[in-house]
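Subject: Structure for you to look at

Hi,

Here is the structure I promised to send over. Have it open while you read, and my notes follow below.

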Amino acid sequence: MKKMWIIVCREAGVRLRKPSFWVVTLLVPVVLAVLYALPVVAATRAVEPATVLVVDETGLFAGGLQSTAEVHFHEMPSMEFADRNRGDGDLVLFIPRRETAMPREATLYYHGLRPPAPQVQDAVDGQLQQLLRNAILEDVYGLSPAERHSVESSHIAFHTRDAVTGREGLTKVKTAVALVLALLMALSLILFGVQAMRAVQEERQNRIAEVMATSVRPLQLLGGKIAGVALTALVQLILWSLLTAAAIAVVQAAAPDLFQAVREGHRIPDILTGLAAINLPLIAVMFIVCFLLGFLLYGGLLAALAARLDHEADALQWTLLVCSPLLLVALLMQFIIRGSKWLLLLPFTAPAALVASLPFGVEVPLALLALLLLALAAAVALLLAARTYRRHII
């Protein structure tokens, strides 16, 4: 055990002393904080008003389209007149006449390579839909403006609650969290699994294994290398989590009014309520446990591939094939939402599937069984890797 610990310390120390390790560790939280802030800035950024020339052959929308901060409407008698009088960058909204009482389509024409901004398209489409509904309610069903307003303002709050605890289901928020957790687990295992693979490939160049083989068993040597990479990965993941949280807090503190405006306009309180309903400390602990066991499984398989394959390009191609079950979990997220258990009990999908199931709740016996099967599969993978390592490297 002492010899194996020496190998672990050596592998971890080599990686922790590399400047690239600390550069990546410090840059990733900054990048994540920027990615967090960009949608907020984009959502609050003012859009340059667009000029829309309206050609309404139905007459249904005449005088109804109201100019806003995003779009300015100007009515035109015909398409020919609109084409002659449009300026550079002006849009033309054409609503053709139909035999039916109500129009079925409208086209917003633009000139140039770039289509109008999504905010402009939403503003035009929203007013068209509202005016059409008003026409149907007033002309077809004979509702007065007051009655129409009563119909449009009616709303029923729909909830999904646990019959025993009374807690909100918050399926959408939990689904988003589950998908993020599954993708993070998959990317982490692939990223650090490749490092374990390269650690084995280095032995082909420096032949350190041949020197150490006289005093260390292959399983100890390979297990120490994989454990060293796992320790480095764990340190980096923890630092990423802490630094990312700190960077996001700094971004929010730097522009509190900006984020408050987005919260008020984009239902952020519902998201915060959903996150509060999730046991985040339990998820953090289970993520680390699943990552370590999953890394032993995939790290062992990738190390065996690295020992057997001569070319690095071939090894990278096999990496995608071996790690594909992790990405499969994200595609099969609906099965996890429905409570399917087979993804949790398959060792190759268990690391991502188990953390993705936590927001919805997992039975303790099922979680323990999934971890046990994953641990057994990891042990088999390490034994297989050690055997391949001894045969092809030492």
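Setting aside neighbours within four places in sequence, Ser 188 is in contact with Gly 193, Leu 237, Phe 287 and Phe 291. Ser 188 sits in helix 6, and with a relative accessible area of 9% it is buried. Do keep in mind that this is a predicted model.

One of those contacts, Phe 291, turns up again in an aromatic cluster with Phe 192, Trp 240 and Phe 295. Phe 291 and Phe 295 are also listed with Met 185, Leu 222 and Leu 297 as the residues with the most contacts inside the largest nonpolar core, which has 66 residues. Quite a few elements give two or more residues to this core: helix 6 (171–201), helix 9 (218–254), helix 12, helix 14, helix 15 (333–337), helix 16, helix 17 and helix 18 (364–392). Helix 12 provides the largest share, 16 residues.

Leu 297 is worth a click too. Apart from neighbours within four places in sequence, Leu 297 is in contact with Pro 347, Phe 348, Leu 374, Ala 377, Ala 378 and Ala 381.

Phe 348 brings me to the ring pairs. The structure has five aromatic pairs. In one of them, Tyr 298 and Phe 348 have ring centres 6.2 Å apart and planes at 80°, so the pair is edge-to-face, the cut-off for that being over 60 degrees. Tyr 298 belongs to helix 12 (residues 280–308), while Phe 348 is in the loop between helix 16 (342–345) and helix 17 (350–357), so the pair ties together parts that are 50 residues apart in sequence. How accessible are the two partners? Tyr 298 counts as buried, at 1% relative accessibility, whereas Phe 348 counts as partly exposed, at 39%.

Helix 14 (residues 324–331) is a neat case to view end-on. Its buried residues are Pro 325, Leu 326, Val 329 and Ala 330. Looking down the axis of helix 14, these buried residues fall within an arc of 165°, so they line one face of the helix. The general background is that an α-helix has 3.6 residues a turn, so residues three or four places apart point the same way.

Now to the sheet. Four strands make up an open sheet in the order 2-1-3-4, with mixed pairing. Strand 2 (71–75) and strand 4 (107–109) are at the edges with a single partner strand each, so one side of each has no neighbour in the sheet. From one strand to the next, the twist averages 25°.

Here is how the pairs go:

- Strand 1 and strand 2 are parallel, over five bridges; Ala 50 has Val 71 in strand 2 as its bridge partner.
- Strand 1 and strand 3 also run parallel, joined by five bridges, and the bridge partner of Val 52 in strand 3 is Leu 91.
- Strand 3 (residues 91–95) and strand 4 are antiparallel, over three bridges, with Leu 93 opposite Leu 108 in strand 4.

Is strand 1 (residues 50–56) enclosed or open to the outside? Six of its seven residues are buried, so strand 1 is largely enclosed by the rest of the structure. Some of the bridge residues above come up again in a second, separate core of 14 residues, which includes Val 52, Val 54, Val 71 and Leu 91.

There is one more buried polar side chain to check. Gln 127, in helix 4 (residues 118–140), is buried with a relative accessible area of 17%. Not counting residues up to four places away in sequence, Gln 127 touches Gly 64, Leu 65, Gln 66, Thr 68 and Phe 73. Phe 73 falls within the span of strand 2 (71–75).

Finally, the chain as a whole. The chain has 18 helices and four strands. Of its 394 residues, 39% are buried. Among contacts with a separation of 6 or more, 72% are between residues 24 or more positions apart.

Cheers

Key: Residues are numbered from 1 along each chain as its sequence is written. This is a predicted model: local features need pLDDT of at least 70, side-chain atom pairs count only at pLDDT 80 or more; totals for chains, interfaces and linings use all residues. Side-chain values use heavy atoms; hydrogens and water are left out. Rings of Phe, Tyr and Trp (its six-membered ring) pair if their centres lie within 6.5 Å; planes under 30 degrees apart count as stacked, over 60 as edge-to-face and the rest as tilted. Buried means under 20% relative accessible area, exposed over 50%, partly exposed in between (1.4 Å probe, protein chains only). The arc is that of the directions from the helix axis to the C-beta atoms. Two strands pair if DSSP finds at least two bridges between them. Axes are lines fitted to C-alpha atoms, for helices over the stretch in contact, and angles run from 0 to 180 degrees between N-to-C directions. A nonpolar core is a set of buried Ala, Val, Leu, Ile, Met, Phe, Trp, Tyr and Cys residues joined through side-chain atoms within 4.5 Å. Contact means heavy atoms within 4.5 Å.
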